[in-house]
Amino acid sequence: MAQGLLLAAVGLFLTGYLILDGSAFGVGAVRLRTGGGETERRLSLNAVGPYFLGHEVWVVAAVGLLIGAFPELEAAVFTGYFPVFVVLVGAFVLRDGGMWLRSRRESAGSRRFWDRAIAVASVVLALSWGLVLGNLAEGVPSGGHPAAAFSPYALLCALAFGCLVVVHGAAFLAMRVRGEQSVRAAALARRLVLPAAGLLVLVLAFGFLAADVAAPVVAAVLVALAVVALAVAARFLGRGVHGPAFAATACAVGLPVLAVGAGQSPVLVGLAAAPESLAVLGVFLACALPVMLLGQVWLWRAFAGPVVPAAPLYF
Amino acid sequence: MNAVDLARLQFALTAGFHFLFVALTLGLAPLLCFLQTRWVITGKREHRAATRFWGRLYVANYGIGIVTGLVMEFQFGLNWGGVTAYAGNVFGAPMALEAIVAFFLESTFLGMWLFGWDRIPKWAHLALIYLVTLTAYASALFIMVANGFLQHPVGGEVRDGVFRLTDFGALMTNREALDGLGHLVAAALLTGALFMAGISAWHLARRTPQREFFLSSLRIGAVVAPVAALVTVAGGFVQTDYLKIDQPAKIGQALEDQASLAAAHGQPLPPAWISGPTQIMVILGFLLVLLSVYALIVTLISRGKRARFLLRPLTWVIPLPFLLTLCGWVLREVGRQPWTVYGLLRTDQAASAVHEGSVVASFAVFGLLLAALGVADYLVIRRFSRRWDDIPELVREQTAAPAVPLEAGRVL
C-alpha cells in the first residue's frame, strides 16, 4: 500500500516534470523557427521565464523521492543506463547554462552561440528522456552492458517522445506569445502532430513484441489515449484556441509516461525501501504535497497571460 | 588511479564547486530579506535599488548553483550505488525530504520573485524572499542530516547487511549534523557579508557617485561579518571536542594530535595530508575574525571619504571565506576516509560497479561543462557587481517602475 502510494508520487513528479519542463525543452527546440529577430528570441525565452525554475525542479523532487523511497530502483536505473544519464545531465547543464547566460551579454555572436546551445541541448534532453522511458518500458535493467540502453525499441521511443515534446513546446509558445510569432508556433505544432501520432502508434504496435510489460493492457490504453489527445490538440490548434490545445498536448506527453509506470508497476513496487523509511517519507510527503501544489498554482496564476515586450524580462 | 578514485575526485570537485554557490546563497538570502523588508516598510527608492542590486547577484549565483546541485544528485545514483544499496533506507530519507520539502519550494518561489517585480503585490513579493530563505535553510538542514549520518551513523541498525531506520528523531538531531550546520551557516553568512562589504568597498574606493548607496551596503556587511566570523571559529572548536571521541582518526591526522592517534590505534586512518587544509582553515578562520573587525572599524571611522587605501583590502578578502569553507569540507570529508558511512561502509564498497571508461567519460563531460559555466557565471557576477548604472532606480529620480526597454537585457 505505502509502496504503491509512493510509487504514484514518484510517477506524479516525473510526469509533472516531463509535462512542465518538457514544454521548455519544446520551446528551446522550436523557438528559433518562430521568429529570427532579437525581440522574438527574447520573448520565447521569457515565455518560459517565470516558470523555468519552478518547473525544472520537479525532476529534483522525482529523483529525490526515488533515492528515498526506491533506492534499489534508483541504483539499478542510474547505473544500468549510465551513458544515457551522462548525456541527459550534460544536456540539462548546457540548457540551463544557456538560459541563465544567454542574455547577459550584448554581443550578437555570444547570443547566437547560446541560442544554438539551448536548441541542441533541448532536443537532446527530450530524446534522452524518451530513451530512458523506452528502456524502462522494456523492463528494469539488471546489470547488462551499457550499450544495451540503445536498443531499437528504446530508440523508437526516444524519437516518438522527442516529437511529442516538440509539439507540446510549440503549443506552449503559441499560448504564451502574441501575434505573428504565436501563429507560426501554432502552425509548427500542427504540422508535427501527425508524425508524433504516427510514431506513438508504432511504439504501441512494437510494444507488444519488444517489451516485457507486466500490465500490458493498461499501458496500451494509456498510449492510445495519448494519440487521441494529439488529435484533440490538432483541432484546437486549427481553431486558434491555444490554452486548450496546450492542455491536450500536456496529456499527450504525460500519458505515455504514466503508461510506462503503470506497465511496470508490479515490478517497481518490489524495489521499495524498508517500511519504516516509507512511513517517514509518507508523513512528510502528505504534509508537503499540498504546499508544493499550491505553490505551483500560485506560480501559474501569477504569470498567466501572454508575455509582452513591456513585461520585465530576464532571460 | 582506478575507477573509485576517479569517482571520488569527480564527486569532490562537483561538491566543492557546488558549495561555492551554496555558501553565497545561504549568506546573501537573509541579507536580502533585510534589504527588501527595509524597502517595503520605508518605500524609499534607494532601498528598492539595494534589493535589486544584491538580488540580481543572488539570482546569477543561484541559477548555476542549481545546475551543479543537480549533477550531484545524479552522481549519487551513477557512481555511488553502494551507498543506496547499504544505507538507502536511512540516507535516502533526508535526501528525499530535502528535494520535496525544501528545494522544490525554494525554486518555485525564487522564479516568482525574479519575475514578480511590479507584478506580484509588494507584500506577497516580500513574503516570497522570506520563503526562499526559509526553504534554503531547510535544504541545508536536510543535507547536513544526510552528511551527519555518513559521519556518525545513528537512527538505525544493521539487519541482514542493510542499514534500517529505527529512530528518525535521532537521525534528525545527530550532533554531527546540527553542529556542522551551525558551523557552516555561520561561515556562509561570513561569506555573504564579506561579499557585500567587499563589492561596496570597491565602488567606494573608486569614488562612485552612489556613495550613500554603497556605504549603506558596506555597513550591513561590516556589522554582520565579525559576528559570523566569531561564531564560525567557535563552531569549529565545539566540533573538535567530541570528534576526538567520535572520529579520533580524523582529528589525529588533521591536528597531528598524538593522543587522538593513540585512541585511533588499530583503526584505518585518513591520509596525513589533511593536516594541510586543516591548518589553512584554522589560520583563515582567525585571519577572517581580524579582517572582519578591521572592516567594521574602517566602516565606522571612514564614512568612505578619504580612506580609499583602507577600503581596497576589503575587496581582496572576498575569496577567503570560500577558500575557508572548502578547506573545512576537505577536512570533514577526506578526514572520514576510508569510510563512506563511518565505521560501517568503506568507500570502495560504496562505489557503483560501472566501467572505468564510463566514469572517465562522465568526468570529462561534467568537468568541462561545469568549469565552462563556472567561468561564464563568474564573469556575469563580476559584471553585475561592478555596474549600478543599469539599475533603473539608481539612474532616474522617479519612484515608479520605469518602462523597460526590451534591448536593455539586464533589467531585473
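These are my notebook entries on the interface, some helices and the salt bridges of a predicted two-chain model.

**Ground rules.** I worked from a predicted model, in which local features need pLDDT of at least 70 and side-chain atom pairs count only at pLDDT 80 or more, while totals for chains, interfaces and linings use all residues. Residues are numbered from 1 along each chain as its sequence is written, chains are lettered from A and ligands numbered from 1 in the order in which they are written, and side-chain values use heavy atoms, with hydrogens and water left out.

**Entry 1, the interface.** I looked up which residues meet between the chains, taking contact as heavy atoms within 4.5 Å, and found 68 residues from chain A and 72 residues from chain B. The buried area, which is the accessible area (1.4 Å probe) that two parts lose on being put together, summed over both, is about 6200 Å², and carbon and sulfur atoms give 78% of this. Phe82(A), Trp298(A) and Tyr314(A) supply 11% of the area that chain A buries against chain B, more than any other three residues.

I then looked for salt bridges, meaning a side-chain nitrogen of Lys or Arg within 4 Å of a carboxyl oxygen of Asp or Glu, and the rule finds two across the interface of chain A and chain B. In one salt bridge, the side chains of Glu276(A) and Arg164(B) meet at 3.0 Å, N to O. Six helices of chain A, numbered like all helices here from the N terminus as DSSP runs (H or I, at least four residues), include H2 (38-56), H5 (82-101) and H11 (275-302), and each supplies at least two residues of the side that touches chain B. The largest share of that side, 15 residues, comes from H11(A).

**Entry 2, Met99(A).** I asked what surrounds Met99(A), which lies in helix H5 of chain A. Met99(A) has a relative accessible area of 4% and is therefore buried, where buried means under 20%, exposed over 50% and partly exposed in between (1.4 Å probe, protein chains only). Leaving aside its neighbours within four places in sequence, Met99(A) is in contact with Leu45(A), Val48(A), Phe52(A), Ile118(A) and Phe315(A).

**Entry 3, helix H6 of chain B.** I checked the length of H6(B) against 1.5 Å times one less than its number of residues: its 31 residues should span 45 Å, and the end C-alpha atoms are 44 Å apart, which agrees. Of these residues 24 are buried, so H6(B) is largely enclosed by the rest of the structure. Just after H6(B), Arg207(B) takes a positive phi of about 55°. Gln210(B) lies in the loop between H6 (175-205) and H7 (211-246) of chain B, is buried at a relative accessible area of 17%, and touches Trp388(B) and Leu394(B), not counting residues up to four places away in sequence.

**Entry 4, salt bridges elsewhere.** I counted 22 salt bridges over all chains by this rule. Asp118(B) forms one with Arg52(B), the closest N and O atoms being 3.9 Å apart. Asp118(B) sits in the loop between H3 (81-115) and H4 (122-151) of chain B and Arg52(B) in H2 (residues 45-79), so the pair ties together parts that are 66 residues apart in sequence. Arg52(B) counts as buried, at 7% relative accessibility. Glu157(B) and Arg159(B) meet through their side chains at 2.9 Å, N to O; Glu157(B) counts as partly exposed at 36% relative accessibility, and Arg159(B) counts as partly exposed at 35%. In chain A, I noted that Arg31(A), Glu38(A), Arg41(A), Arg102(A), Arg111(A) and Asp115(A) are linked in a network of salt bridges.
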